[in-house]
Amino acid sequence: MFFNFLPKEYSFFDLLEKQTFFATEAAKALKAVVANGAVSEEGLKKLQDIEHEGDEVTHTILEQLDKTFITPIDREDIHALAKEIDDIIDMTCTIVSRMKVYKITRKDKYLIEFADIIEESINGVVCAIKGMRNMKNVKTIYMACVEVNRLENVGDKKRDQALSDLFENEKDAIEIIKWKEIYQEAETILDICEDVTNVVESILVKNA
Amino acid sequence: MFFNFLPKEYSFFDLLEKQTFFATEAAKALKAVVANGAVSEEGLKKLQDIEHEGDEVTHTILEQLDKTFITPIDREDIHALAKEIDDIIDMTCTIVSRMKVYKITRKDKYLIEFADIIEESINGVVCAIKGMRNMKNVKTIYMACVEVNRLENVGDKKRDQALSDLFENEKDAIEIIKWKEIYQEAETILDICEDVTNVVESILVKNA
Amino acid sequence: MFFNFLPKEYSFFDLLEKQTFFATEAAKALKAVVANGAVSEEGLKKLQDIEHEGDEVTHTILEQLDKTFITPIDREDIHALAKEIDDIIDMTCTIVSRMKVYKITRKDKYLIEFADIIEESINGVVCAIKGMRNMKNVKTIYMACVEVNRLENVGDKKRDQALSDLFENEKDAIEIIKWKEIYQEAETILDICEDVTNVVESILVKNA
């Protein structure tokens, strides 16, 4: 019995960590793109490759979950974590894809700031997920969750500020349509990071 | 055993009712803002305070849920109710926040009508949630659910009417962007109210 | 015991198939509308009637689910399938409703192509749902899921292409607002079809 269940239990943590690795890679690629202003063919390709690799890990987690009778943490929590980390990667890819479609060619200070906040927030997610291997790290995990929560609030204010500036200074409605969507997508990534840490906090409480 | 579980069982109803109280407060604050047309610093602050207090109740419910072994109604139903009532408050706050960012200064008849419908619908939610304390009130609860459902249909038609009017008469694309978003957010609140009563109806059926 | 549970077990498959029938009807009605370019009063009415009939089936499934103790497949999977097939129908109706509100009068090649892809994808959903009656059809079901997944990727590219063309060639921001929403809603239907087949694949794995 022991030998049957143990390897699978550990591998969920491995797989979730692998997913967060691709989320980190996506955040780095996003930073490179927004620092450059324009999206090159390779820039988009890189993000799409990361998304594809992330998808495979997500698929493996969900399939393992369906095959596994006993899970180290609640089944629906693993499911939620896998889906949400996948959403972080997808949404990062969506931003870059939209920048390409909208032929964005300028560096935007708000988007550069968002990319930094997104990277920090994903680092918090990495830390929270890694911490779950050993529930004795409760304080470290909890502090990572608090940080991700804080960054979501920072992102909310940043989006309001970016939209205020956009609607005040940009007179071309078509530009407003493009940037409004991009800013809202950037903020959404921070929301999803917070969703991840909400699940982690819930796991902590249940295991307390 | 009895003494351990009973207080917690009751407190979920208390907490959900407390949440709906903040939803009602949010609806009143929205009405005041849209009747005035413009959002004052205090108007937004008030909504944000309500959202913050609502958040704390939501957090308490979710944490209690993780700590409680036996719940008076299905665990996932309490979870869904708490999340959705929280979403009602958040979305109400989002509308006011957007009105501020978009520097809205005019009274809008559709938005005033929406604020009325939203208040009525939240009253239905209050009634449905309160009714669940005593499952013998089935008829009262059921009628509140039917009313919330009816108001969602009214809201759908109102949004189509508001959008038709907007796209027919407003020639400034930037104004269209702003109002289209606000109308759709207003209608979304009614959708979420209906989601709440769908969960309530499901609880009724399971307890029949 | 046997006689109590068996009829209910079969009826979930009947009801889900009935839902997919209305999804197919909605796809056909959408095709007729976009081939015509403009939405007639009857065109919209037809979609709304289909949506209404679909709603009733969804409601029946969810209610049966609450009343039934033993289900042929996992309760939450039936719930997810019913909700998502309902969302397919709703979103199809939303596109036509928006076309009416936005007074769309021209045939659009991308939307015509989308309507074809949507119809094909819903056919895949029909096939996957029908297949679940007999889990020995694994290969047929699996191939339908792969096809729906492929069509989602086709839809993603189609949306990017349609948006690129729109932002490159349409100079009227108000037209961009309308068509951007319609294209994104069309692509969303393909996402939901894929969500359905993801649930079906998960059911296959659990029953393997």
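Hi everyone, this is a short talk about how chain A sits against chains B and C in a predicted model.

Some housekeeping. Chains are lettered from A and ligands numbered from 1 in the order they are written, and residues are numbered from 1 along each chain as its sequence is written. Since the model is predicted, local features need pLDDT of at least 70 and side-chain atom pairs count only at pLDDT 80 or more, while totals for chains, interfaces and linings use all residues.

Okay, symmetry. Turn chain A by 120°, with a shift of 0.0 Å along the axis, and you can lay it on chain B with an RMSD of 0.0 Å (a least-squares fit on C-alpha atoms of residues with pLDDT of at least 70 in both copies). The two copies are therefore related as by a three-fold rotation axis. Which residue of chain A comes closest to that axis? That's Ala173(A), with its C-alpha at 3.5 Å.

Now, who touches whom? By contact I mean C-beta atoms, placed from the backbone, within 7 Å. Towards chain B, 11 residues of chain A meet 10 residues of chain B. Two elements of chain A give two or more residues here, α5 (138-169) and α6, and α6(A) has the largest share with seven residues. (Helices are DSSP runs of H or I, at least four residues, and strands are runs of E, at least two, numbered from the N terminus.)

Towards chain C, we have 10 residues from chain A and 11 residues from chain C. The elements giving two or more residues on chain A's side are α2 (41-67), α3 (75-101) and α6 (173-206). This time α2(A) gives the largest share, four residues.

Note on methods: Two residues are in contact if their C-beta atoms, placed from the backbone, lie within 7 Å.
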